[in-house]
Amino acid sequence: MSAKPNPATLPCSPLDETAGLKYFPRMVGKIRLHAAGRLWDDLHANLGKGSDGALVDFLHIHYDELKARVIEGGTDEEILQWCQERSRVLNDNEKLIWNHYVKTLGWNDHITAILAKRKADGGLGDRDDIQTIAHYIDVDEGRCS
């Protein structure tokens, strides 16, 4: 992890929503910031991977196509609509399932070891209250303590 980022180089929280879907605004925000040359360097390595990759897989779209659409412009809502027109419209239950995944990722699952490493690398190894990736990101990026 590098020095703490300038807030202007950060997307929103992973818990923010577009049309009831968590993480979507963060993913498109990262694309916009990267295209503008302003994305925090620490976030470059996982563009299109990690939670970005999980969400595009969940939406049944390709990251590179999404990236091109985001760069064309439009609101998060318009871009999510575009995604659903190319794959499927998410119902409330599907959104609930995805949102639960985002809210609990890192808590006793396949990402737990990665979360522990990130916490240790970031000097937060003693923070037992940080039990999910979303919470870690919000602390690491300065949105909460």
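**Group meeting: a cavity, a pocket and the helices around them**

Sorted by class, the residues lining the largest cavity are seven nonpolar and one polar, with no charged residue among them. Hi everyone, I wanted to open with that lining, and I should say straight away that we are looking at a predicted model.

Let me stay with the cavity for a moment. The structure has one cavity of 30 Å³ or more, and the space in the largest cavity comes to about 60 Å³. Its lining is made by Pro 14, Tyr 23, Ser 51, Tyr 101, Val 102, Leu 105, Ile 133 and Ala 134. The elements giving two or more residues to that lining are H5 and H7.

Please pick out Ser 51 in that list. Ser 51 sits in helix H2. Is Ser 51 buried or exposed? The relative accessible area of Ser 51 is 18%, and buried means under 20%, so Ser 51 counts as buried. If we set aside neighbours within four places in sequence, Ser 51 is in contact with Tyr 23, Trp 98 and Leu 105. Tyr 23 and Leu 105 are also among the residues that line the cavity.

Now for H7, which gives the cavity Ile 133 and Ala 134. Seven of the eight residues of H7 are buried, so this helix is largely enclosed by the rest of the structure. The buried ones are Ile 133, Ala 134, Tyr 136, Ile 137, Asp 138, Val 139 and Asp 140. What covers them? The cover includes H1, helix H5 (92-104) and H6.

If you follow the chain out of H7, there are two residues to look at. Glu 141 lies in the segment after H7, and with 8% relative accessibility Glu 141 is buried. Leaving out neighbours within four places in sequence, Glu 141 is in contact with Leu 10, Pro 11, Arg 26, Trp 40 and Leu 43. Take Trp 40 from that set: Glu 141 and Trp 40 are 101 residues apart in sequence, yet their C-alpha atoms are 9.9 Å apart in space. Then there is Gly 142, also just after H7, with a positive phi of about 85°.

Let's turn to H1 and H2. These two helices pack at an angle of about 115°, their axes lie 10 Å apart, and the crossing is left-handed. Which residues meet there? From H1 we have Phe 24, Met 27 and Lys 30, and from H2 we have Asp 52, Leu 55, Val 56 and Leu 59. By class, that contact has five nonpolar residues, no polar ones and two charged ones.

Lys 30, in helix H1, is worth a look on your screens. Its relative accessibility is 4%, which counts as buried. Not counting residues up to four places away in sequence, Lys 30 touches Pro 11, Tyr 23, Leu 39, Leu 43, Asn 46, Leu 47 and Asp 52.

Two of those, Leu 43 and Asn 46, bring me to my last stop, the largest pocket. The volume of this pocket is about 560 Å³. It is lined by 27 residues, and those nearest its centre are Leu 43, Asn 46, Arg 118, Tyr 136 and Ile 137. Helix H1 (24-35), helix H2 (50-59), helix H6 (112-121) and helix H7 (133-140) are the elements that give two or more residues to the lining. By class, the pocket lining has 13 nonpolar, five polar and nine charged residues, whereas the cavity lining has no charged residues.

That's my tour, thanks for listening!

Methods. Residues numbered from 1 in each chain as written. Predicted model: local features only at pLDDT ≥ 70, side-chain atom pairs only at ≥ 80, totals over all residues. Heavy atoms only, no water. 1 Å grid on protein atoms, 1.4 Å probe; cavity = no way out; pocket = protein on both sides within 12 Å on 5 of 7 lines; lining within 4 Å. Points joined across faces, edges and corners; volume = space filled by probe spheres on them. Helix = DSSP H or I, 4+ residues; strand = E, 2+ residues; numbered from the N terminus. Nonpolar A, V, L, I, M, F, W, Y, C, P; charged D, E, K, R; others polar. Axes fitted to C-alpha atoms, helices over the stretch in contact; angles between N-to-C directions. Left-handed = near helix turned anticlockwise from the far one by under 90°. Contact = heavy atoms within 4.5 Å. Buried < 20%, exposed > 50% of the residue type's maximum accessible area, 1.4 Å probe, protein only.
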